[in-house]
Amino acid sequence: MKEYFSVKMRASLQGRHVSGAERIVLKEDLPTVISQLSQRPKEYDSLNIKVEKINDLNYIEKSLNVKTINVKDWIEGNKVAVEILQNQGVDKKIAEKYINLIHQGAVNGENMRGAMIVNLSGERVEKDKTRGIRTVNIDFEDRKAITELLKEKGYTERTVDALALATKTLNHPDIVAEYCISDDPSYTTGYVATKTTYYRINPLKQLSNEKGGRIYFVKDTANIEDIYQYLESEAFLIKQLGDLQ
Ligand code: PML
């Protein structure tokens with residue numbers, strides 16, 4: 001029987017998070033993957049690698065489809081993002097309010113560690129407004145092949161990671177959409193994910209802005225305990241890549 005393990009890497013420098021990544025791999029691939037992940041951060045003074053056996057593994061057949069939208073600047077990018085969110089039932093003012101908060105640093109000017117959860121009435125419903133919620137325990141079954149294919153088409157390794165996370169997140173029935181910008185000041189491409197599509201918007205944030213984060217928009221009737229259990233505890237592998245549009 002195949003034995004799968006989750007490998008999570010976190011690196012920090014002077015107390016500040018600088019890099020993080022996660023894989024779900026077969027036991028025999030652990031040495032290679034641990035070595036790869038330990039070489040990923042460029043600079044750090046603390047590096048943590050956690051390996052855990054997965055006892056209950058679930059599958060998602062296909063990732064979200066991927067569509068790239070190139071725009072003139074981040075202001076136009078956010079207009080497009082808000083329109084996509086509105087099409088998913090998110091009120092324009094609510095979308096704009098929380099997008100602005102993410103661009104300014106959601107915790108008194110600092111980034112949240114995880115995502116905020118906002119319901120369609122505009123209330124923040126995550127349990128801890130500093131930590132937020134983290135989508136973990138997700139990977140592609142054949143990460144190598146999918147990474148090669150996406151890179152060939154001009155996408156980055158970040159797309160691979162973010163697409164896997166967004167696919168798991170949007171697979172929960174109570175989550176209707178996600179908005180994301182990176183906290184890397186040089187990485188300005190962000191995305192909005194819906195039930196079918198990962199809309200990669202380039203650019204979605206201003207160059208050199210160190211603020212970033214994620215917003216999960218959920219139904220008013222969402223079961224928050226269930227969302228935490230699903231996103232933070234259940235493990236999934238994604239079998240195939242969706243359409244590249
Ligand atoms: C993309 O290039 O597809 C967007 C990736 C956003 C990554 C966000 C992050 O890593 O923090």
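This report walks through a ligand site, a pocket and two backbone oddities in a predicted model.

## Around the ligand

Let's start with the company the ligand keeps. Its shell is made up of R158, T159, A162, C180, S182, Y187, T189, Y198 and R200. Sort these neighbours by character and you get four nonpolar, three polar and two charged residues.

Where in the chain do they come from? Helix α5 (157–170) and strand β10 (197–202) each put in at least two residues. The largest share belongs to α5, with three residues of the shell.

## Polar contacts and cover

Now zoom in on individual atoms. Y187 has a polar side-chain atom sitting 2.5 Å from an oxygen atom of the ligand. Y198 does something similar, with a polar side-chain atom 2.7 Å from a ligand oxygen. For T159, an N or O atom in the side chain is 2.9 Å from an oxygen atom of the ligand.

How much of the ligand does the protein bury? On its own, the ligand would expose 340 Å², and the protein buries 88% of that.

## The second largest pocket

Next up is some empty space. Rolling a probe the size of a water molecule over the atoms is a way to see where such space is left. The second largest pocket holds about 520 Å³. It has 22 lining residues, and those closest to the centre are R23, V33, Q36, R143 and K144. Four elements give two or more residues each to this lining: β2 (16–26), α1 (30–38), β7 (138–140) and α4 (143–152).

Which domains help to line this pocket? Domain 1 (4–55) and domain 2 (61–240) each contribute at least three residues. As for character, the lining has eleven charged residues, eight nonpolar ones and three polar ones.

## Two backbone oddities

Most peptide bonds are trans, and most residues other than glycine have a negative phi. Keep that in mind for the two spots below.

The first spot is the bond joining N202 and P203, which is cis, with omega at about -5°. P203 is found in the loop between β10 and β11 (213–218). You've met β10 already, as a supplier of at least two residues to the ligand's shell.

The other spot is N108. What is the sign of phi at N108? Phi there is positive, near 50°, even though this residue is not a glycine. To find N108, look in the loop between α3 (92–104) and β6 (116–119).

Definitions and conventions: Residues numbered from 1 in each chain as written. Predicted model: local features only at pLDDT ≥ 70, side-chain atom pairs only at ≥ 80, totals over all residues. Heavy atoms only, no water. 1 Å grid on protein atoms, 1.4 Å probe; cavity = no way out; pocket = protein on both sides within 12 Å on 5 of 7 lines; lining within 4 Å. Points joined across faces, edges and corners; volume = space filled by probe spheres on them. Nonpolar A, V, L, I, M, F, W, Y, C, P; charged D, E, K, R; others polar. Domains from an automatic or database assignment. Near = heavy atom within 4 Å. Polar contact = N/O pair within 3.5 Å; in protein donor to acceptor, adjacent residues only side chain to side chain. Areas by Shrake-Rupley, 256 points an atom, 1.4 Å probe, with all protein chains shown as cover.
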